[in-house]
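Q: Could you walk me through this structure and tell me how each label was earned? I would like to see the values next to the cut-offs.

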Amino acid sequence: MIAFVRDVPDSFANALCAEAPEIAIDVAAARRQHAAYRAALGVATIVVPADDALPDCCFIEDTAVVAAGAAVITRPGAPSRRPETAAVARALAQHVEIHAMEAPATLDGGDCMRVGSTIFVGRSARTNAAGIARLAEVFGPRGVHVVPVDLPADVLHLKCVCAPLGDDRITLVEGFPALPGVSIVRVPAAESYAANVLAIEDRVLVSSGFPRTRDALEAAGLRVATLETTEFRKADGALTCLSILVDTYLGAPASGS
Ligand code: CIR
């Protein structure tokens with residue numbers, strides 16, 4: 001497993017947010033939280049340098065969807081974020097096959113949740129039908145099924161309400177309809193922000209301050225580690241947004257061959 005991350009830019013306090021935070025983003029604190037996140041990943045990490053012209057660039061997840069040895073470089077739904085993709089594509093090209101996405105398609109990686117050989121994709125204000133169709137065009141022939149999921153207008157991304165936990169398990173906020181073919185660990189609606197966990201290796205990283213979610217995950221037999229994400233939350237970001245995970249086992253020759 002390799003994790004791609006992108007540094008926090010000096011301009012991060014200007015990142016997009018649905019509602020202006022009561023207390024402005026503290027860029028130095030964001031950088032400390034980002035450093036702790038990188039350390040907690042516990043896998044080889046490739047760091048794409050920040051671009052101060054792109055305040056949201058640390059939310060690297062939105063710029064590419066990787067599965068089955070291929071990456072679709074997205075066309076993010078927010079126009080200000082579209083220039084983020086070039087540097088990420090260059091970094092990913094060393095490791096996976098690169099596929100582009102053209103207008104009018106839009107898609108944010110935060111709308112994509114891979115569970116086994118399925119990618120659930122949120123239909124959202126950021127991700128349109130043409131974006132979903134492009135994903136299916138690239139991944140379908142690679143044996144990965146793309147399953148659209150309608151999202152309420154007030155949900156930014158699919159992974160604001162759910163996230164993979166490994167195998168066929170996911171988190172899912174209470175009240176959100178079940179997805180087909182997965183088993184679910186419910187996250188209390190009052191802690192919905194914490195549904196965006198990052199499962200990596202044998203651990204699940206969870207935002208700190210959400211004890212009921214932590215308890216639910218531990219009760220499900222998962223090993224939990226908590227991380228501060230307060231500064232990313234102010235810009236509508238959480239744990240999965242800060243990395244792109246590339247499974248380096250894919251494409252390896254079968255043993256004995
Ligand atoms: C945005 O509005 O695009 C960023 N401020 C937050 C993106 C969060 N990304 C994610 O959940 N994958």
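Q: What makes the side chain of arginine 81 a polar contact of the ligand?

A: An oxygen atom of the ligand is 2.8 Å from an N or O atom in the side chain of arginine 81. A polar contact is a pair of N or O atoms within 3.5 Å (within protein, one must be able to donate a hydrogen and the other to accept it, and residues adjacent in sequence count only if both atoms are side-chain atoms), so the arginine 81 pair qualifies. Before we go on: this is a predicted model, in which local features need pLDDT of at least 70 and side-chain atom pairs count only at pLDDT 80 or more, while totals for chains, interfaces and linings use all residues. Residues are numbered from 1 along each chain as its sequence is written, and side-chain values use heavy atoms, with hydrogens and water left out.

Q: Which ligand atom does the side chain of aspartate 62 meet, and which one does arginine 126 meet?

A: For aspartate 62, a side-chain N or O atom is 2.8 Å from a nitrogen atom of the ligand. For arginine 126, a polar side-chain atom lies 2.8 Å from an oxygen atom of the ligand. The protein covers 98% of the 340 Å² of accessible area that the ligand has on its own (Shrake-Rupley method, 1.4 Å probe; for residues, only the protein chains shown count as cover).

Q: How many residues surround the ligand, and of which classes are they?

A: There are 13, and the closest are Leu16, Asp56, Glu61, Arg126 and Ala235. To be counted, a residue needs a heavy atom within 4 Å of the ligand. By class, the shell has four nonpolar, three polar and six charged residues. Here Ala, Val, Leu, Ile, Met, Phe, Trp, Tyr, Cys and Pro count as nonpolar, Asp, Glu, Lys and Arg as charged, and the others, Gly among them, as polar.

Q: Why is glutamine 33 called buried?

A: Its relative accessible area is 11%, and buried means under 20%, exposed over 50%, partly exposed in between (1.4 Å probe, protein chains only). Glutamine 33 therefore counts as buried. This residue is found in helix H1 (helices, H or I, have at least four residues and strands, E, at least two, as DSSP runs numbered from the N terminus). Leaving out residues up to four places away in sequence, glutamine 33 touches Glu228, Thr229, Thr230, Glu231 and Phe232, where contact means heavy atoms within 4.5 Å.

Q: What makes the 27 residues of the largest nonpolar core a core?

A: A nonpolar core is a set of buried Ala, Val, Leu, Ile, Met, Phe, Trp, Tyr and Cys residues joined through side-chain atoms within 4.5 Å. Among those with the most contacts inside this one are Val8, Phe12, Tyr37 and Phe232. Strand E1 (2-6), helix H1 (27-41) and strand E12 (198-200) each supply at least two residues, and H1 gives the most, with five.

Q: Why are aspartate 167 and glutamate 201 called exposed, and isoleucine 98 partly exposed?

A: Aspartate 167 is at 73% relative accessibility and glutamate 201 at 55%, so both count as exposed. Isoleucine 98, at 33%, counts as partly exposed. Aspartate 167 lies in the loop between strand E9 (162-166) and strand E10 (169-173), and glutamate 201 in the loop between E12 and strand E13 (203-207). Isoleucine 98 is in strand E5.
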